[in-house]
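Below are some notes on the model you sent round. They are in the order in which I would check them against the coordinates.

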Amino acid sequence: MNGAERRYRVAIRLLWSRHLREAHGSRAAGLFAELHRDAEKQGTMAVIALWARGIVGLLTTRWIEWRRRRAVIDGPARAGMARGALRDVRGGVRQITRRPLATSVILGTLALGIGVNAATFTVFEAVQLSALPLAESERLAVVRMDSERRGLDGWWWSYPNIRDLRASAEEFEAFGVYGGYSANLMGPDGPARVSGARISSGFLSTLGIEPVLGREFTADEDSPNGPAVALIGHRLWEQNFDSRPDVVGTTVTLDAVPYTVVGVLPPAGRVLDRLLWLTPTGIPPAADVFVPLEPEAAARRRSTSGYGVIGRLAAHATLASADHEARALLESLQEEYANEFCCGWVGRVTSLHEFIVGDTGPALTLAVLAAASVLALVCVNLGSLLTVRASERSREFAVRRALGASAARLARQVLVENVVVGVVGGVLGLGLGEALVRGLIRVAPDNLPRLDEITLDGSIALLTIAAAVVVSIAFGVVPALLAARRDPAEVLRAGQVGLSWRGARALRGLIGLEVAMALVLLLSSALLVTSFRNLAAQEPGYRVDGVVAAELQLPASLYPDESSTAELHRALRESLLGTSGGNAVGLASFAYPAGPWTRMEIEGETNEEGTPAFMSGPELAVTPEFFATLEIPLVAGRGFTEADDATSAPVLVVSEAMAAMAWPGANARDVVGRRVAMGSWRPFMRGAGQTAAQSREVIGVVADVGELGAGARVALPYVYQPLAQDAWLSLTVFLRSGGSPREAVQMLRDAVAEISPQLPLYGVESLAVAAARHSARERFVAFLVGGFALLAVVLAAIGIYGAVAYSIALRTREIGLRRALGATSGGVSRVLLRAGLAAPLVGALVGLGGFVLVAPALGALLYEIAPLDGRVLVPACLAVVTIAALATWLPAHRAGRIDPLTALQED
């Protein structure tokens, strides 16, 4: 039973009688599920239309049953009630069309509030609330490691530790292990770079994924020196193999090695992409190729992390019990193998949903709260407009009551009118919400998880229309009924309708509340926008302007030794520097911020237990020009030179963060000359496993670099080696040129094509664009909240203007009398302006006080700005008060220019 069928069964229980449910409920739900599957293929609007038809059908069927049961008893009365209801509907339509401008404002305001909330909640529900599209996804968990001592969260496991975890875990029934993978795929149009993962046998079955063709890997294939086999993703199957059903058994060439295709994965969306591999910018590439893990466990040390672990919880297990088990296991492993661990690792188990969604919760929650604030403002706006409108109709109600209409009859009429307004406003809001969802998907950052799953489904559509009806009834019926309760004789003697004392007080309160809410939202958005601007102005520790980066992967079959790799490095540098416009070229094993973390022993240092001190940090091999190309300052010592090659003594350059962690209290000059013992992780180099540790001298200290996040720049403890001393097969080229980024990219492509045409360039991008992506999520939230704040201010201005103008229009005869008795135009305007400004000013004070209470909650989302910064508070308050004053002054000024004779003749 899928979600659509469950929801439709709920609707059947609510709308049908027991007799109908027992006789036709199961068949109706099953038929609806079939129709829903067909509608999903046609798009969102088809699903919405199906839900609308389905609900109408349920209501119609129940109506027919009720009519048949009542026909014998009170058929004539039933027919009269139906005719009366039809008259109420026609009367309601006539009433709301009598004043098209006022009705348009009410419907537009309602549609805006409903549409904005429908779109925002759709994004929140798809990302945060809905289950992952995997079988029993609530039982899937990610096993990671944390180090409070080093401030590292969610770290990966080494294979020996995974082997012990598999052998001893009782809270899990299955495990899947994976590691990052990318390769050059040889296609008909030449080589192309593809991404994917190395996965263990049983990885897919642990996730509950079955290949659409073929099978997953076997245990024999997932072993050292196993057969060269591969699984391909659904996208690659469609694009490169034209969805051929006979693709299983064919061969694909990856890094010049033929692999036999054993299966095709289903279209699992971006879930596998985000799970398996994250690029430095946090944007997952398409996961298109999967090869066996080939763990080679004997060659790996426990300190060498590089594998992700996903477990399926046992039937009796919970996340808490699994977390306790992982913590206990890792604690015992560190006691048993103390010499192979560092950093004080702690096991941690989190749900797969939490792992994929990440830290988007606070940002999206803030967006939902902002949208809810807009809806609350819409409700207040409607309340003020409908309060004045109800006062206008008080004379109509008095006449109808004097002619014999009962209070119940008037209540029914008002209820029908507001239901009509709610339905029309809900439909308009639904259309607006669908358009906003599409717009949000276009402007949302690529690193927003589950972006491809965002869609406005039938349940949210029903909720949207229901919310519009409830809002319309709640804020329309009560003012109208209060107006209808006024004494008919008193209203008719007054000659012209106007706001009662209670109505005027309610209107002033609603206007003040509008201003207060708009001010709180505007102040919050102003702080977030300012915070984002401060964050965007930060640099990640290196110069990004004018630099373009591109990545290469060197197949070991084409570059079998260090000399061939060194020749490629030399040819690239000479070609790019010899091109007009090429100012500086730096080569590195990876792009910032990236690189496998290495473990090194600090020679001459011990930890608290008396054992050798170890340290971990990202490892990067670079050419001598690398630091100058990215303008990373040298703090102490020297950088690399051409003399630091494979024949010279091993050397290192460390960042300030690594120097502070490895040698606490020592200044940068004292760090120069210290020694560490370290090897290199060889999956990105030739051979396999961990190279033997060798003693290296620290010859220099450079400034920190890192990545930009929701707070400040996070400085990473980098360790730099000369690229000439480590034969890495992954390569990133950094080119600083005086031309445009497009020209620089073309220079890179031409140089690589001339030197080695079989190598595809990938990850080609301006560093300025890549750096901007680190704050894309903050920019998105600032965009949403800022847009909602501007919308709130506009709605408040419209509400104030409409309410004041409406209320002044009801006093036309009074204003005419004042003018006839000698009051000047300016005097009348000033009286009305003073009366109208009181509520907005009080509302601004209340809003400022309310913001002071909620401001501390924004502190965690702000960067280099205080929650109560006067540079933001004062302009925002002045802006809101000015807009409110202008919205009050316009109708007051116009009222002061009314012709007295025309006003006295108006009825």
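The points that follow cover one helix, one buried acid, the salt bridges and one strand residue.

1. Status of the model. This is a predicted model, and side-chain atom pairs are counted only at pLDDT 80 or more. The distances and accessibilities below should be read on that footing.

2. Helix α2. This helix covers residues 18–42, which makes 25 residues. From first C-alpha to last it reaches 34 Å, close to the 36 Å expected at 1.5 Å a residue. The helix nevertheless carries a bend of about 60° at H24, so anyone fitting a single axis should note that the bend angle comes from axes fitted to the seven residues ending there and the seven starting there.

3. Burial and exit of α2. The buried residues of α2 are L20, G25, A29, F32, A33, H36 and A39. In general, an α-helix has 3.6 residues a turn, so residues three or four places apart point the same way. Just after the helix, G43 has a positive phi of about 120°.

4. E325, a buried acid. Which side chain of opposite charge is nearest to E325? It is R327, at 12 Å. A salt bridge requires a nitrogen-to-oxygen distance within 4 Å, so that separation does not qualify. E325, which sits in helix α9 (residues 319–336), is therefore buried without a salt bridge, buried meaning under 20% relative accessible area.

5. What surrounds E325. A polar atom of the E325 side chain lies 3.2 Å from the backbone nitrogen of E171. Neighbours within four places in sequence aside, E325 is in contact with S168, A169, E170, E171 and F172. E171 thus appears both in the contact list and in the 3.2 Å pair.

6. Salt bridges overall. The count comes to 17 salt bridges. Among the residues involved, E136, R139, E173 and R312 are linked in a network. Three individual pairs are taken up in the next points.

7. R244 and D246. Their side chains meet in a salt bridge at 3.1 Å, N to O. R244 counts as partly exposed because its relative accessibility is 34%. D246 is likewise partly exposed, at 47%.

8. E631 and R543. This salt bridge is also listed at 3.1 Å, N to O. E631 lies in the loop between α18 (626–629) and β16 (634–637), and R543 in the loop between α16 (501–537) and β12 (547–553), so the pair ties together parts that are 88 residues apart in sequence. E631 is partly exposed, with a relative accessible area of 40%, and R543 is partly exposed at 31%.

9. E567 and R570. The side chains of these residues form a salt bridge at 2.1 Å, N to O. Why are E567 and R570 separated by about one helical turn? Because they are 3 residues apart in helix α17 (residues 562–577). E567 has a relative accessible area of 39% and is partly exposed; R570, at 35%, is partly exposed as well.

10. V262. Is this residue of strand β8 (residues 257–264) buried or exposed? With a relative accessibility of 8%, V262 counts as buried. Its C-alpha is separated by 6.5 Å from that of V229, and the two residues are 33 residues apart along the chain. Not counting residues up to four places away in sequence, V262 touches L213, G214, R215, F217, E221, V229, A230, L231 and V248.

Conventions. Residues are numbered from 1 along each chain as its sequence is written. This is a predicted model: local features need pLDDT of at least 70, side-chain atom pairs count only at pLDDT 80 or more; totals for chains, interfaces and linings use all residues. Side-chain values use heavy atoms; hydrogens and water are left out. Helices (H or I, at least four residues) and strands (E, at least two) are DSSP runs, numbered from the N terminus. The expected span of a helix is 1.5 Å times one less than its number of residues. Buried means under 20% relative accessible area, exposed over 50%, partly exposed in between (1.4 Å probe, protein chains only). Lys and Arg count as positive and Asp and Glu as negative; His and the chain ends are not counted. A polar contact is a pair of N or O atoms within 3.5 Å; within protein, one must be able to donate a hydrogen and the other to accept it, and residues adjacent in sequence count only if both atoms are side-chain atoms. Contact means heavy atoms within 4.5 Å.
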